[in-house]
Amino acid sequence: MTYPETLEYLYIQMPEYQRVGHLAYKPGLGNSLRLDAVFNHPHQHYKTIHIGGTNGKGSTSHLLAAILQQSGYKVGLYTSPHLVDFRERIRVNGEMVPKKYVVDFVKKYRERFEPVMPSFFELTMEMAFLYFEEQEVDVAVVEVGLGGRLDSTNIISPDLCVITNIGFDHMQYLGSTLPEIAAEKAGIIKPHTPVVIGESDDEEVKKVFTVKAESENAPIIFAEAVLNDFSAHRADDEWIINTHEYPDLKNKLGGFAQEKNAKTVLAAVAELKKIGYRIPKEAVYSGFAQVVELTGLKGRWQVLQEKPKIVCDTGHNAHGIRYVVEQLKQEKYNRLHVVFGMVNDKDITSVLAMLPRQAVYYFTRASVERALNEKTLAREAASFGLKGNTFEDVSTAINAAKENADENDFIFIGGSSFIVADALPLFK
C-alpha cells in the first residue's frame, strides 16, 4: 500500500475517535495491554513522562519536549489529534515519523495486530512506542488521549505525571461534575511517582488529587504553590515570564491559556531536575522561545496573516474558549469576523453563551463525521444574539470572511481542532 492507502486502511478498519466519535471509543486497558504484549512492551525501554488534563495537554507536552531536547536528550513526542498530517502525532526531536515507517509498520505487523482488533488510537499509540524504541530515544513525552484512568496510554510507568487542569469535556465518558472528571484524570497517578497539578482552583478537585496521590504514596506538587513568585505579562503576541530562577523568560506561545501552561511546565521541570534529569537554564529559555520550530506545534493562537490579522486556535470547549474570548477583547480592530464550527458532542450552549455578540459570524463545519451541521449551529447561535451566514466548508467560510474584512479588521478561526485543521493548509 501507498502512504495514503495505508492511512485509509487505518481510518476504515480502526475508526478514529476524533473523526467519528463514540463509535470508535473503546474504554479500558485490556486491548492496549494485549497489543502491547504483541510488540513486547516497547515503552519499557526508555523513560516516559505522562501528560493529562482537560486543556493544555498538547502545549505542555510540546514545551516539555522542546526543553528536554535542548537539554541534550533524544526525545519522543506522542500527541493527538493531528491537524494536517497524521505523522504530527509521532515525533522524535521534532521530526515526524517517516511515511515509509507508517507503511512498513502496517505491512509488517498487520497479521499480528488485526486479531486484537485495536482501535485507531490504540494502534497508533503502539506504533509510536515501537518507533521510539527503534529510534533509541532517551525519554518520551506521552499525551493522554481521553480521560486518564481508562486511556490507552495509561499502560506506561512514567518518571513524572502532569495533570494540567480540569474542565467540562467528554462528560458522556468522564462524568458530569468536576470531581468526577478529576477522578478519571487522576487515574494516571502511579505508585511512588511524582505528579504535578497545574491549575487547582476548585477545592473539591484538589481533594480528589490529594486523596488519590496519598493512596498511591505519590508525591504531589501543586504548581501554584511551588511557583508563588511567578508573574507574567504579554508583549507582541508572546508572554514575558518572571520568576526568581527564570527572569525575563520569553514564551512564544502567546495565547492567554499559555500563562497557566507555562507555570505547569516550570513546576514539572523543577520536579524532573529533582529526580535526576539534567536541564540547564539555557535549555528552558530556548525551549520556550523556540517551541514551534523545535516541535512543529500548530494551532495555538497561531497568527496566519497580517492585514487583516487572522488567528486560529484549537480551543474547543467552554474551559478553552473562555481564554480565547478574553484574548479577543484585548485585540485592536475595527470589526471582528469569526469563522466558527464545532463537533456534535460538545457542550454547545456553554460555548455560544461566551462568544462576543459584536462580531460577524461565518458558521461552518469541518470535514469530519462528528462536525455539527452549520445550519443547526447558526440556529443555536441566534438564540444568543450571534448573527452570521452559513457555509458548507471551512475554505468557503474563510474566503467570505477575507472578502468582507478590511486590513484593520480581525478574523478569528476556531471552535474545534478540526476547523483549524481544515484552515491551516489554506495559509502558507
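**Entry 1, Ile413.** I began with Ile413, which is buried with a relative accessible area of 0%, in what I note at the outset is a predicted model. I placed Ile413 in strand S17, residues 410–414, and then listed its contacts, leaving out residues up to four places away in sequence; among them are Leu304, Ile310, Val311, Cys312, Val339, Ile398 and Phe427. For Leu304, which is 109 residues from Ile413 along the chain, I found a C-alpha separation of 9.9 Å.

**Entry 2, the parallel strands S14, S15 and S16.** I looked up the pairing of S14 (residues 336–340) with S15 (residues 360–363), and found it parallel, with four bridges. Within this pairing Val338 faces Tyr361 of S15, and on the pairing of S15 with S16 (residues 388–390), which is also parallel and has three bridges, Tyr361 stands opposite Gly388. I then checked the connections: S14 and S15 make a right-handed β-α-β unit with helix H15 (residues 348–354), and S15 and S16 make a right-handed β-α-β unit with helix H16 (residues 374–382).

**Entry 3, the eight-stranded sheet.** I traced an open sheet of eight strands with mixed pairing, in the order S4-S3-S2-S5-S1-S6-S7-S8. Its edges are S4 (95–96) and S8 (220–222), and because each has a single partner strand, one side of each is left without a neighbour in the sheet. At the S8 edge I found S7 (residues 195–197) joined to S8 in the parallel sense by three bridges, with Val195 opposite Ile220. Helix H9 (residues 203–215) packs on this sheet, where it touches S6 (160–163), S7 and S8, and its direction makes about 155 degrees with that of S8.

**Entry 4, aromatic rings.** I searched the whole structure for aromatic pairs and obtained 18. I examined Tyr46 and Phe132, an edge-to-face pair at 6.2 Å centre to centre with 80 degrees between the planes. Since Tyr46 lies in the loop between helix H3 (30–38) and strand S1 (47–52), and Phe132 in helix H6 (residues 120–134), the pair ties together parts 86 residues apart in sequence. Both are buried, Tyr46 with a relative accessible area of 9% and Phe132 with 0%. I classed Tyr78 and Phe129 as edge-to-face too, because their centres are 6.5 Å apart and their planes stand at 65 degrees. This pair links Tyr78 in strand S2 (residues 75–78) to Phe129 in helix H6, 51 residues apart, and both residues are buried.

**Entry 5, charges over rings.** I noted that Phe39 belongs to one aromatic cluster with Phe105, Tyr109 and Phe113, and that Arg112 lies over the face of Phe39, 5.8 Å from the ring centre. I also found the charged end of Lys206 over the ring of Phe222, at 4.9 Å from its centre.

Key:
Residues are numbered from 1 along each chain as its sequence is written. This is a predicted model: local features need pLDDT of at least 70, side-chain atom pairs count only at pLDDT 80 or more; totals for chains, interfaces and linings use all residues. Side-chain values use heavy atoms; hydrogens and water are left out. Two strands pair if DSSP finds at least two bridges between them. A crossover is right-handed if, with the strands pointing away from the viewer, the path from the first strand over the helix to the second runs clockwise. Contact means heavy atoms within 4.5 Å. Axes are lines fitted to C-alpha atoms, for helices over the stretch in contact, and angles run from 0 to 180 degrees between N-to-C directions. Buried means under 20% relative accessible area, exposed over 50%, partly exposed in between (1.4 Å probe, protein chains only). Rings of Phe, Tyr and Trp (its six-membered ring) pair if their centres lie within 6.5 Å; planes under 30 degrees apart count as stacked, over 60 as edge-to-face and the rest as tilted. A charge sits over a ring if NZ of Lys or CZ of Arg is within 6 Å of the ring centre and within 35 degrees of the ring normal.
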